[in-house]
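Okay, thanks for coming, everyone. I'll put the structure up and walk you through a few parts of it.

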Amino acid sequence: MTTLITPRDIAGIVAAHGLPALLQRLEAAITADFRRWGEFDKVARVASHSGAGVIELMPVADAHRYAFKYVNGHPGNHRLGLPTVMAFGVLADVATGRPEVLSELTLTTAMRTAATSVMAARALARPGARSMALIGNGAQSEFQALAFHHGLGIDRLALFDVDPAATRKLQRNLAGVAGLKLRVASSVADAVRGADIVTTVTADKRRATIVTPGMIEPGMHLNAVGGDCPGKTELAPGVLAGARVFVEYEPQSRIEGDVQQMPADFPVTELWRVLTGTADGRRSADEVTVFDSVGFALEDFSALSLVAELARGLQLGARVDLIPALADPRDLYGLLGVGERPGAEQAPGRLLAA
Ligand SMILES: NC(=O)c1ccc[n+]([C@@H]2O[C@H](COP(=O)([O-])OP(=O)(O)OC[C@H]3O[C@@H](n4cnc5c(N)ncnc54)[C@H](O)[C@@H]3O)[C@@H](O)[C@H]2O)c1
């Protein structure tokens, strides 16, 4: 049997553990897996592009478990009443190939992306960072805001979105959070002014330049989340040129990240190196750092593993027979219960009758 974890189960996990604690556990799980980077079989994700968006498959495995995520990115989906990003994924046993968990990953992606952003900022932002600009106030934004508030102590947020309704929704959802001050900014430049950290989490299928060099102040850390596809960027090349840039998995980020705009030899540092102490993070208070986030399969591996463990502990998730249970593993046909008697093809098979 395979365990099916639905968005309702994820809501149950959040209700039981609390979102701050869950985000913290996700960050710890992702950090632990990034620190054993060499143990994973990694590949850049496989993307199918269309005029409307992208559909991607993201596999990764260690010696024991294999995970993949299906995820899309369709910036115009809101006009059809659908989220921009929708995802699900599988955790399987490497020894047998048996899929153990089939899980929703739409909510889980938002949480793991925010946890990864905080993991990067913990290593790269100035110690004592308290203020953040949050550009793009859509589906991911609450998770980013809360992860930075609870995880890093950000207590002032400047919000900006080209759609004022998105900002009103974010304000509404964050209204009850104690110790978090919100300011609605009039422009990107207004939001970014004086911020310790700048998070961009916009959705636009084009080479957008949300943040330009004139907005950058010494010591800023940029958490660039929304530029995650060929032809889809958020930072002007001059911002990258003036910063030290950190990525998840270089072969994927060169294609999908904001660094797609830079020459192939533009220096980037993979984050796992900073987390294992084999590369420097921030070197001085004045340095500008960029986490050029695109989302890497390992983050979903960590999140799937944690969510499966927490669901088990709370007895959440349905047991479904995704894979046939066979008395004789080589008699797959027999499971259909047809063909034994003349005319039996029309009779309901064992699977249908069950
Ligand atoms: N790096 C990762 O791991 C990762 C994970 C999940 C999502 N994403 C990306 O994050 C982005 C946001 O995802 P979402 O689910 O919140 O999408 P969403 O559609 O719910 O929200 C995007 C918001 O960006 C706003 N926006 C668009 N252009 C803007 C601009 N020029 N200035 C300011 N705001 C602008 C939109 O009005 C919208 O409110 C997407 O591009 C998605 O692909 C990245």
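So, let's start at the ligand. Sorted by class, the shell around the ligand has 13 nonpolar, 14 polar and four charged residues. That shell is made of 31 residues, and the closest are Thr-84, Gly-138, Ala-139, Ala-166 and Gly-295. If you're wondering which elements give two or more residues to it, those are helix H3, 106-124, and strand E11, 207-211. Oh, and keep in mind that this is a predicted model.

Next, the sheet. It's an open one with eight strands, and going across you read E9-E8-E7-E10-E12-E16-E14-E15, with parallel pairing. The edges are E9, 181-184, and E15, 268-270; each has a single partner strand, so one side of each has no neighbour in the sheet. On average, neighbouring strands are turned by 20° against each other, ignoring direction.

Zoom in on E7, residues 131-135, and E8, residues 156-160: they pair in the parallel sense over five bridges. Take Ser-131, for instance; its bridge partner in E8 is Arg-156.

Now, what lies across E7 and E8? That's H4, which also lies across E10, 197-200, and runs at about 170° to E7.

H4, residues 141-152, has a helix partner too: its axis and that of H2, residues 19-35, come within 10 Å and cross at roughly 80°. The two helices are therefore roughly perpendicular. On the H2 side you've got Leu-19, Pro-20, Leu-23, Gln-24 and Glu-27, meeting Leu-146, Ala-147, His-150 and Gly-151 of H4. By class, that contact has five nonpolar, three polar and one charged residues.

Okay, that's my tour. Questions?

Terms used
Residues numbered from 1 in each chain as written. Predicted model: local features only at pLDDT ≥ 70, side-chain atom pairs only at ≥ 80, totals over all residues. Near = placed C-beta within 6 Å. Helix = DSSP H or I, 4+ residues; strand = E, 2+ residues; numbered from the N terminus. Nonpolar A, V, L, I, M, F, W, Y, C, P; charged D, E, K, R; others polar. Axes fitted to C-alpha atoms, helices over the stretch in contact; angles between N-to-C directions. Parallel < 35°, antiparallel > 145°, perpendicular 65-115°, else oblique. Contact = placed C-beta atoms within 7 Å. Pairing = 2+ DSSP bridges.
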